[in-house]
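Dear colleague,

I am handing over the structure below, and what I found in it follows underneath. Please read the notes with the model open beside them.

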Amino acid sequence: MLFTDYVLFFEILLFTLLFAGCRSLFRKEGLNHILLLGGNVLILTHIVSPKSLFLLFIVALLAYGAGLLLRKRHSGILLSITLTLLILFFAVRNYPLVQSWLGSWWTDTLGKHFLSVEKIGLSYILFRIIHWLVESYRGTLRTRNFLAYVNYLFFFPTFMAGPIDTLNNFHYWMSHTHVRLNVRRMLAGVGRIFYGAVKTLLVVPLIKPYAVDYQMLIPTFGPWGAVCSAALLYSFYIYIDFSGYCDIAIGMGGMLGVRVPENFNRPYLSDNISEFWKRWHITFSTFLRIYVFKPVIALLNRTFLREYRMVVSVTAYMVTFLVCGLWHGSTLNFVFWGLWHGLGLSVYKLFTHNRMPKTPTLVRKISATLFTFLFVTVGWVFFNYPVDKLLIMLKLLF
Amino acid sequence: MKEVYRLRFLARIGVVVMVAVAFWLVVALFIPTFHAPQCPEWDGQLYTIRHQDLRDNNPLYTNLLLTSVKRNDGWLVLGTSETNARPNGNYYDFLNTDTALRCGFSVIAGAGRTACTYFPLIQSNENVRGLKVLFFLNPSYGCGKLAYSNEDYFSRYVSSAIYREANRPVNEDVDRILQANLPKLNCGVRVGEWLACHTDRLRRKYSQDLSFSLDPSKFGETLTWFDSAMISRLPDSCARPDSSRYNYALNVGASFDVHSYTLWPHPESSYRADELRTMIRLCKVRGVDIVFIAGPYNEIAYRKVYPQDLPDIQQVSAEMLKVLDEEGAAYIDCTDLSAEPGVFADWQHHTSYGAYRIYQKIRDYVLEKENR
């Protein structure tokens, strides 16, 4: 959460007002970027250590150089090497298993510098860097301005948990100096932050204790009732908490004049799992679709499997959601969660393959929506509890 | 549902929020300050006040604490982590159960709560005049990073904004040391704390002044008086720890690992001496009747485990006594307990037996002072 303490809250508030004032007075893009960079550094040093920020800046600098090279030379090998190095960096930092593979020589030498990079916001920086590298290679980026790139990576409203913006969108809003930060946009930002604050500070504390631990509900509902109620509450808790955070990030972005993309679109009203992933954590699922799912499909289509379209799709779903699960956490339960969704999407694909979509009746629509919600809720059980706790829960139930 | 996320609707919500904030700010200006009512049930002595109220120098609570201690001819005990509650009683618990002493001992304690953290209270509050204070000096604060200005501890107990606000000129000598004792906080932290301090005051207009004015009994619920039930449960005396639970060879609890220690003595640092000197002078200027308790150090453990550091910790302890002597401060010397078996639970905290031995010394002092 951004408003972790008074000092940070006031710094954000003062900076936002100062930045908004400067943007409407001086319509120079460069000046705005310099000011925003100062604000990003000032605010992020409250969230991560200066050393961590500095090391991330070095990584960003190297990636910037690689991006410029990719734009010029269009080398697939260079892209593969930089992406592998980046993912290795992320894996080494985040997964104790990978650290143990590297052995003690690593921890005694480079490892201690790697481990001093804090985990907060790391994966989102990684996404943005991957976006920069791949899109530089593809030549779709409309800017290569270093300040725009750094501000895009370290934009404080979205630093910790997204939404994952694109550089083109960020650049569009930052460069549109003729778009005055009008009062309405600022006020809308305040309104959006208010929504987020109500969700995260008022609603979440009410349901979180029961949502994250079914044991608190056992005395009232018994084992089955407790597990089911906690699972249902967890579905609402995770949605309200995350969408509340996104409301704050989007509102703050709006106050700074950057329209941050939406991350949720009433996901629990989806009537199938494919629809759910188009409405849940939209920027992340879009990222997975562009940078994991489609490349896997393209890769498999180059093999003998191209004849078996269903096999290709199912494999791509499973790989994508395995990556999705592993990204969410280093423990086995996240793998299960990812595979659960991969399986769900594969089954959905099998059923809908080559069928003309029918206009659903109201009853069918409601049933499908309920079924999708229940499917997602079961998935959250894997997400919430580590394997040992899942086993205890199963023993309790059966 | 989608309608509520439209720009126009959000802007309206924004207007409502801004108007509500403005209204909240303006109304706060007209809420009168709440004062503790004068009534017989609040004539007793407060046991302690909440950490946050002391940090914010909240006059409602600090005034009540100080006046209640003075009104009941009691003492205010100030100390660091050794003065925190102990399961079998700490020295002030024994003092409070002692029927020969006809006064109460209120307590404020916490790790790192050294003299520096009380400067705003002593400087800004007129009620400190004539207050009787017992101040525990733990020689551990001459060791490790504790021997120097510690920003973490300082910020835990003191807001730099309140520190600066309370920092009225006392005299040239004291002012100089006060400035030197203020940790070097960066500009961002100082600005943030200044804003936080003023927002807190604004918030208190509602959570305290308005709320307590409407229902004074709510104020009573926030106060911590002496709990007679707790005091009656405490023993009158305390024997040495049982040898099955105590390592007499090293003079620490059986489960304590002496090698986990990392606080090496730093006799070369003058920070604590300066801080103590400032406290003594400040108390003199402000009319506080302060008596220091020169705490012991675990001499037996030093002698056995780190004999090379024994001269240094002895020097730290001696320096503390030297400052007290030079400044003509009243003190109770407990350093002779340093080599007494059973007194320490670890390197820097005493056992309940140690607390009992400290209590005996304080008791003698207080009785003698009362008889004088």
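**Domains and cores**

The centres of domain 1 of chain A and domain 3 of chain A, taken over C-alpha atoms, are separated by 29 Å. This is a predicted model, in which local features need pLDDT of at least 70 and side-chain atom pairs count only at pLDDT 80 or more, while totals for chains, interfaces and linings use all residues. Residues are numbered from 1 along each chain as its sequence is written, and chains are lettered from A and ligands numbered from 1 in the order in which they are written.

In chain A, the assignment gives domain 1 (6–175), domain 2 (183–256) and domain 3 (267–397), with bounds that come from an automatic or database domain assignment. Between domain 1 of chain A and domain 3 of chain A, 11 residues of the former are in contact with six of the latter, contact being C-beta atoms, placed from the backbone, within 7 Å. On the side of domain 1 of chain A that touches domain 3 of chain A, α7(A) gives the most, with four residues (helices are DSSP runs of H or I, at least four residues, numbered from the N terminus).

The largest nonpolar core has 75 residues, and Val133(B), Phe135(B) and Ile293(B) have the most contacts inside it. Such a core is a set of buried Ala, Val, Leu, Ile, Met, Phe, Trp, Tyr and Cys residues joined through C-beta atoms within 7 Å, where buried means that 20 or more other C-beta atoms lie within 10 Å of a residue's own. Helix α15 (residues 352–371) of chain B gives the most to this largest core, with seven residues.

Best wishes

Technical notes. Buried ≥ 20, exposed ≤ 12 C-beta atoms within 10 Å, placed from the backbone. Helix = DSSP H or I, 4+ residues; strand = E, 2+ residues; numbered from the N terminus. Contact = placed C-beta atoms within 7 Å.
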